[in-house]
Amino acid sequence: MDGEDLHLTESYVSSSGLCLSPEQKTALQTSLPILRSQNKFTQVYFWGKIMGVKDDYFIAQGVIRDQLSGRKNFYSLDCASWNLMPQVTDDIRAKSLKVKGRFSGDPSYEFEQIDQVETNGIPSEETIVLREEDRLAAVIEGIIQDGAIAPRGAFTKNAKGVVVNNVNFQGLPPLDAVKLGSYLHLREAVNLPQKSLMEREKLEPAIDFLDPIEEDIPKGSWALQEERGHQVTLRSLYWPGLTAYHIPNTAKFGYCYFGLGEKNNDIPFML
């Protein structure tokens, strides 16, 4: 959600029960511009909230030039002071997939998980230790990988290969806005490089450099709904709490996540 117009953008996802208290909104509207100024970001977004047992994590994203590779994630416990997320290594990423349980709300807390391993054919137990701050960064990376989306044409790749806001984007037509194929993942393309030359000929290179969400497996992992007659809302079934929105014929779009940071891996068996 746009950090500079928080009161308005929050209303677009309020139908999903995603909301902030007046105190939290006031603090965010004060601290996010400061975060932008201090780090010289071109844009700052309020990304969402990971709910913990003791405290909640409020997440913000800052953008430096490139809308894909130029994003940095921050977390806060009070919506006022922000901490840069640690870098996610392969080791942290692998451990986070094995660690279960809710976040505590204490960044220094250490999760301990017993994992069954096999060495030279001999089964044994291994204790996995992972700091909550590192796990938080890995989970947010996973949510972005699966659930960060935008309407087709909202971003474009310029001559230097930098992904920027498309100043000519005026929103999707109403008929296109209710199609899953009109929404793209905000991450480096995974399926596009595997397409044939004939399939690529139908694409516009300046805007079709991302993967459409209609190609996600399994089919049905996104729920699309037209609300209030003028808004399209999309919800991820893989990440309960992730909601995206778009107002057709306007440049208004965004997404946010309010949840426990737990992926629903049973979706393939539920559809």
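**Figure 1. Arg65 sits in the loop between β2 (57-63) and β3 (71-76).** This is a predicted model. Phi of Arg65 is near 65°. That value is positive, and Arg65 is not a glycine. Most residues other than glycine have a negative phi. Is Arg65 buried or exposed? Arg65 is exposed, with a relative accessible area of 53%.

**Figure 2. Asn249 also has a positive phi, of about 65°.** Asn249 is not a glycine either. Look for Asn249 in the loop between β13 (242-246) and β14 (253-259). Its relative accessibility is 52%, so Asn249 counts as exposed.

**Figure 3. A cis peptide bond joins Ile217 and Pro218.** Omega is about 0° at this bond. Most peptide bonds are trans. Where does Pro218 lie? Pro218 is found in the loop between α6 (197-201) and β11 (222-227).

**Figure 4. The largest nonpolar core holds 46 residues.** Which of its members touch the most others? They are Trp47, Ile50, Ile59, Leu136, Ile143, Tyr183 and Leu234. Helix α4 (residues 132-147) gives this core its largest share, 7 residues. A second core, separate from this one, has 18 residues. Phe41, Val44, Ala60 and Cys256 are among them.

**Figure 5. Trp47 is one of the core residues that touch the most other members.** Set aside its neighbours within four places in sequence. Which residues does Trp47 then contact? Three of them are Ile59, Ala60 and Gln61. Ile140, Ile143 and Ile144 are in contact with Trp47 too. Tyr255, Cys256 and Tyr257 complete the list. Two of these partners, Ala60 and Cys256, belong to the second core.

**Figure 6. The cysteines shown here form no disulfide, and the structure holds 0 of them.** A disulfide is a covalent bond between the sulfur atoms of two cysteines. Why is Cys79 not bonded to Cys19? Cys19 has the closest cysteine sulfur to that of Cys79, but the gap is 13 Å, too far for a bond. For a disulfide, the two sulfur atoms must be within 2.5 Å. Cys256 tells a similar story: its closest cysteine sulfur, again in Cys19, is 10 Å away, which is too far for a bond. Are Cys79 and Cys256 buried or exposed? Cys79 counts as buried, at 1% relative accessibility. Cys256 is buried as well, at 0%.

**Figure 7. The whole protein has 7 helices and 14 strands.** Its radius of gyration is 19 Å, close to the 18 Å that the globule rule gives for 271 residues, so the protein is as compact as a globular protein of that length. The C-alpha trace spans about 55 × 50 × 40 Å along its principal axes. Of the 271 residues, 45% count as buried. Now take contacts between residues at least 6 apart in sequence. Among these, 55% join residues at least 24 apart. The exposed surface is about 14000 Å², with 52% supplied by carbon and sulfur atoms.

**Figure 8. Confidence varies along the predicted model.** The mean pLDDT of the protein is 90. In all, 96% of the residues reach 70 or more. Where is confidence lowest, and where is it highest? The lowest mean, 71, belongs to helix α1 (residues 6-13). The highest, 97, belongs to strand β4 (residues 83-84).

Methods. Residues are numbered from 1 along each chain as its sequence is written. This is a predicted model: local features need pLDDT of at least 70, side-chain atom pairs count only at pLDDT 80 or more; totals for chains, interfaces and linings use all residues. Side-chain values use heavy atoms; hydrogens and water are left out. pLDDT is the predictor's confidence in each residue, from 0 to 100. Helices (H or I, at least four residues) and strands (E, at least two) are DSSP runs, numbered from the N terminus. Buried means under 20% relative accessible area, exposed over 50%, partly exposed in between (1.4 Å probe, protein chains only). A nonpolar core is a set of buried Ala, Val, Leu, Ile, Met, Phe, Trp, Tyr and Cys residues joined through side-chain atoms within 4.5 Å. Contact means heavy atoms within 4.5 Å. The radius of gyration is taken over C-alpha atoms; the globule rule is 2.2 Å times the number of residues to the power 0.38. Accessible areas come from the Shrake-Rupley method with a 1.4 Å probe; for residues, only the protein chains shown count as cover.
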